[in-house]
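Colleague: I would like to learn how to read a helix in a model of this kind. Could we go through one together?

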Amino acid sequence: AAGLSCGRWSQLCWRAMATDMACGVSIGAPLWVFAPVLRTLTRSWSDDTIASMSLSLLAVHAALYDYRSHHGSQDGLPGGAVAL
């Protein structure tokens, strides 16, 4: 886990792990809470409608994403086609 290492590759950074876990919980918890509401709001939608909306949003994301890699970045995140 390259994003969790501090200094040496064998040593994990617990602060980075805690931050990542908090970020995951802050995204996952509201989705878990609002899932029944979202389910009732989309109950009348057909599966074809949901699939076509998902594919169209994927196409928009793929067309508009900034694929330039930032070679000087310090965050260690990959750029280019790896971001897909």
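**Reading a bent helix**

Modeller: Let us begin with one residue, phenylalanine 34, which is found in helix H1. Please keep in mind that the model is predicted, and that the mean pLDDT of the chain is 77, with 65% of its residues reaching 70 or more.

Colleague: Where in the chain is confidence lowest, and where is it highest?

Modeller: The lowest mean, 52, belongs to strand E1 (residues 5–6), whereas helix H2 (residues 47–64) has the highest, at 91. These elements belong to a chain of 2 helices and 2 strands, arranged along the sequence as β-β-α-α.

Colleague: What span should helix H1 have, and what is the distance between its end C-alpha atoms?

Modeller: With 1.5 Å a residue, the 28 residues of H1 (residues 14–41) should span 40 Å, and the end C-alpha atoms are indeed 40 Å apart, so the two values agree.

Colleague: At which residue does H1 bend, and by how much?

Modeller: H1 bends by about 50° at phenylalanine 34, and proline 36 follows within four residues.

Colleague: Is phenylalanine 34 buried, partly exposed or exposed?

Modeller: Since buried means under 20% relative accessible area and exposed over 50%, phenylalanine 34, at 48%, counts as partly exposed. Phe34 also helps to make a nonpolar surface patch of about 880 Å², together with Ile27, Leu31, Trp32, Val33, Val37, Leu38 and Leu41.

Colleague: How much of the chain is buried?

Modeller: Buried residues make up 5% of the 84 residues.

Conventions:
Residues are numbered from 1 along each chain as its sequence is written. This is a predicted model: local features need pLDDT of at least 70, side-chain atom pairs count only at pLDDT 80 or more; totals for chains, interfaces and linings use all residues. Side-chain values use heavy atoms; hydrogens and water are left out. The expected span of a helix is 1.5 Å times one less than its number of residues. The bend at a residue is the angle between axes fitted to the seven residues ending there and the seven starting there. Buried means under 20% relative accessible area, exposed over 50%, partly exposed in between (1.4 Å probe, protein chains only). pLDDT is the predictor's confidence in each residue, from 0 to 100. Patches are made of residues with over 30% relative accessible area and no salt bridge: like charges are joined within 9 Å, nonpolar side chains (Val, Leu, Ile, Met, Phe, Trp, Tyr) within 5 Å. Accessible areas come from the Shrake-Rupley method with a 1.4 Å probe; for residues, only the protein chains shown count as cover. A salt bridge is a side-chain nitrogen of Lys or Arg within 4 Å of a carboxyl oxygen of Asp or Glu.
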